[in-house]
Structures are given as structure tokens and as C-alpha cells.
Amino acid sequence: MKVVVAASQKGGSGKTTLVRSLAVAAEVRHAPVVMLDTDPQGSLTTWYNRRAAETPQLAQLGTQSIDEVLGRLRAAGAELAIVDTPPSVHLFVRELIAAADLVLVPVRP
């Protein structure tokens, strides 16, 4: 499973929009995709709950470690995990970046 993380210390930079757009585009290409919402604001979860489509799937960290969640997603057959992060430098964001195959850093001019 490949892991893509959208990370930026700046809020409003487009992380959530980027995550959901990439996830939907990847799902159209028939890859089992899971979005992971790690932002306490929950904008990705709110968007997901309003959608009629059941894919891409959404996962939460909850009380599990990042390694546990990513391992669970791998075991479930996900081919791609796309992660939305909060606008901060929390330790778990560093752990997500370390686990990522690709980190996208959206910026606004």
C-alpha cells in the first residue's frame, strides 16, 4: 500500500480539498483507496458524511497508533491511503510523514 500525506503548518492551504480530490480520482481508476482524517476539525469527515457514494472509504486514527491504522488498512486490501493532517507540527504528523511514500505540501501564494 502506498501512503500519501498532505501536510502543511498553514490552515486553509487546501489539504482537505487535495486529499478528497486525489482519493476520488484514484478510486475512479479502480484502486482501493482509503482517506485518513487526522485533523481534529474533521472537514474531510464532514464532506464524506454528506456524500452519497460509499467510496473512497474513510478511516480515523482514534486511539490507535499510525502504524496500527496503516497496518489494518493494508490487511484490508487498501492499495492507497491518502492522509489529511491538521495545520500543525504535532508528533503524529511527523510520524505520518515518516510513514509516507509521498508528502504533498500545498501552499497558497
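Contact here means that heavy atoms lie within 4.5 Å of each other, and the model to which this is applied is a predicted one.

**Exercise 1. Decide whether Ser8 is buried or exposed, and list what it touches.**

Solution. Begin with position: Ser8 sits in the loop between E1 and H1. Next, take the cut-off for burial, which is under 20% relative accessible area; because the relative accessibility of Ser8 is 13%, this residue counts as buried. Finally, setting aside neighbours within four places in sequence, the contacts of Ser8 are Ser13, Lys15, Thr85, Pro86, Pro87, Ser88 and Pro106.

**Exercise 2. Check the length of H1 against expectation, and work out how its buried residues are arranged.**

Solution. First, at 1.5 Å a residue the 14 residues of H1 should span 20 Å, and the end C-alpha atoms are 20 Å apart, which agrees. Second, collect the buried residues of H1, namely Lys15, Thr16, Val19, Ala23, Ala26 and Glu27. Third, seen down the helix axis, these residues fall within an arc of 110°, so they line one face of H1. Fourth, ask what covers them: the cover includes strands E1 (2-6), E2 (33-37) and E4 (80-84), together with helix H2 (43-50).

**Exercise 3. Describe the largest pocket and the character of its lining.**

Solution. Start with volume, which is about 160 Å³ for the largest pocket. Then turn to the lining of 13 residues, of which Gly12, Lys15, Thr16, Asp39 and Gln41 lie nearest the centre. Sorted by type, the lining holds 1 nonpolar, 9 polar and 3 charged residues. By element, helix H1 (residues 15-28) gives the largest share, 3 residues.

How values were computed: Residues are numbered from 1 along each chain as its sequence is written. This is a predicted model: local features need pLDDT of at least 70, side-chain atom pairs count only at pLDDT 80 or more; totals for chains, interfaces and linings use all residues. Side-chain values use heavy atoms; hydrogens and water are left out. On a 1 Å grid over the protein atoms alone, a cavity is a set of points where a 1.4 Å probe fits but cannot get out, and a pocket is an open set with protein on both sides within 12 Å along at least five of seven lines; lining residues have an atom within 4 Å of a point. Grid points are joined across faces, edges and corners, and a volume is the space filled by probe spheres set on the points. Helices (H or I, at least four residues) and strands (E, at least two) are DSSP runs, numbered from the N terminus. Ala, Val, Leu, Ile, Met, Phe, Trp, Tyr, Cys and Pro count as nonpolar, Asp, Glu, Lys and Arg as charged, and the others, Gly among them, as polar. The expected span of a helix is 1.5 Å times one less than its number of residues. Buried means under 20% relative accessible area, exposed over 50%, partly exposed in between (1.4 Å probe, protein chains only). The arc is that of the directions from the helix axis to the C-beta atoms.
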